[in-house]
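Reader: I have just opened this entry and would like to understand the words used to describe it. Could you take me through them slowly?

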Amino acid sequence: MKYSVVIPAAGQGKRMNAGRNKQFIMLEEKPIIVHTISVFQSDEYCEEIVLAVNEREHDEFRSLIQTHELTKVTQIVTGGKERQQSVYEGLKALDGDKVVLIHDGARPFFTHEVVRKAAQAAEYYDGAIVAVPVKDTIKQVDELEVKQTIDRSSLWAVQTPQAFRLSVIKEIHRWAELHQIVGTDDASLVEMNGRSVHVILGDYWNVKLTTPEDLIFARAILREKKESEM
Ligand SMILES: Nc1ccn([C@@H]2O[C@H](COP(=O)(O)OP(=O)(O)OP(=O)(O)O)[C@@H](O)[C@H]2O)c(=O)n1
Ligand SMILES: C[C@](O)(CO)[C@H](O)COP(=O)(O)O
């Protein structure tokens, strides 16, 4: 199943506290964003990648793409203030009715296997997300007082990639913008539009690199991968 990709990479990485966009943080001699794009670059089913970046960082991203020969990146667009706007700008740059995967620039540890499963599921469902069952006990808390413990048996932690038909997700983003509907992921917009989203079991190590300690996990994952390839 051939697919296109939108990668939102226009955030500021405030929670990472690195003083710059976390996409440029080096992991084993390559910036995070290069690790992420490389997974798609090496997948034979990936046809094109649109990268959404901050308007001040176009040159830096373009230079990385050239240096690392990431030839499937066909367009770099300017993202928006929120992730949702950055994704929508990326979607607007694509034409036709194809399967599109949306994947965070800050999630470098995903596999061709989940990508392909998500792309295939988008043929049958309005949307497909990669997720893992929640492992912790989850409590609702208000001003440091526990209000309730939530039954976790049906709770899943949602990741990217998320896959959709381009015509469906573009239309839903347009609808969300019009009605000022905001979601923390793209599938939640699809859900709020009354459509069905399918779940694909992912991997716990597909972490989003969000806070500084995530970099410790990231470097450990890369070490582990290197040793297993030896
Ligand atoms: N206006 C924005 C905000 C986020 N993102 C992207 O969405 C992904 C997930 O967002 P998150 O981890 O929250 O990244 P940041 O917004 O950079 O981090 P923070 O919220 O800590 O500032 C990242 O690849 C980020 O670059 C984006 O393209 N445009
Ligand atoms: C889309 C996402 O990766 C799903 O977990 C996530 O919601 C986006 O990042 P944020 O941390 O919620 O801004």
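Author: What follows is a conversation about the terms applied to this structure, which is a predicted model.

Reader: What makes the protein chain as compact as a globular protein of its length?

Author: The chain holds seven helices and eleven strands. Its radius of gyration is 18 Å, and the globule rule gives 17 Å for 230 residues, so the two values are close and the chain is as compact as a globular protein of that length. Taken along the principal axes, the box filled by its C-alpha atoms is roughly 50 × 40 × 35 Å. Buried residues account for 38% of the 230 residues, and of the contacts between residues at least 6 apart in sequence, 72% join residues at least 24 apart.

Reader: Why is strand S1 called mostly covered?

Author: A residue is buried if 20 or more other C-beta atoms lie within 10 Å of its own, and in S1, which spans residues 3-8, six of the six residues are buried. Tyr-3, Val-5 and Ile-7 point one way from the strand, while Ser-4, Val-6 and Pro-8 point the other way, and all are buried.

Reader: How do you know that S1 is paired with strand S4 and with strand S6?

Author: Two strands pair if DSSP finds at least two bridges between them. Six bridges join S1 to S4 (residues 46-53), and these strands run parallel; Tyr-3, for instance, has Cys-46 as its bridge partner in S4. Between S1 and S6 (residues 99-102) there are three bridges, again in the parallel sense, with Ser-4 standing opposite Val-100.

Reader: Why is Glu-69 called exposed?

Author: The cut-off for exposed is 12 or fewer C-beta neighbours, and Glu-69 counts as exposed because it has 9 inside 10 Å. Glu-69 lies in the loop between helix H2 (58-67) and strand S5 (73-78). From C-alpha to C-alpha, Glu-69 and Pro-31 are 14 Å apart in space, and they are 38 residues apart in sequence.

Reader: What makes the backbone at Asn-17 and Leu-144 worth pointing out?

Author: Most residues other than glycine have a negative phi. Asn-17, in the loop between S1 and strand S2 (26-27), has a positive phi near 60°. Leu-144, in the loop between strand S8 (138-142) and strand S9 (145-150), is not a glycine either and has a positive phi of about 65°. Asn-17 counts as exposed because it has 9 C-beta neighbours inside 10 Å, and Leu-144 counts as exposed because it has 5.

Reader: How do you know which form the peptide bond from Thr-160 to Pro-161 takes?

Author: Its omega is near 10°, and the bond is cis. Most peptide bonds are trans. Pro-161 lies in strand S10.

Reader: Which residues surround ligand 2, and what makes S10 stand out in that shell?

Author: Ligand 2 is surrounded by Arg-83, Asp-104, Val-158, Gln-159, Thr-160, Thr-184, Asp-185, Lys-208 and Thr-210. Strand S10 (residues 156-165) supplies three residues, the largest share of that shell. By class, the shell has one nonpolar, four polar and four charged residues.

Reader: How many residues surround ligand 1, and which are the closest?

Author: There are 22 residues around ligand 1, the closest being Pro-8, Gly-11, Lys-14, Arg-15 and Ser-86. By class, that shell divides into six nonpolar, eight polar and eight charged residues. Pro-8 is also one of the buried residues of S1.

Key: Residues numbered from 1 in each chain as written. Chains lettered and ligands numbered in written order. Predicted model: local features only at pLDDT ≥ 70, side-chain atom pairs only at ≥ 80, totals over all residues. Near = placed C-beta within 6 Å. Nonpolar A, V, L, I, M, F, W, Y, C, P; charged D, E, K, R; others polar. Helix = DSSP H or I, 4+ residues; strand = E, 2+ residues; numbered from the N terminus. Rg over C-alpha atoms; globule rule 2.2 N^0.38 Å. Contact = placed C-beta atoms within 7 Å.
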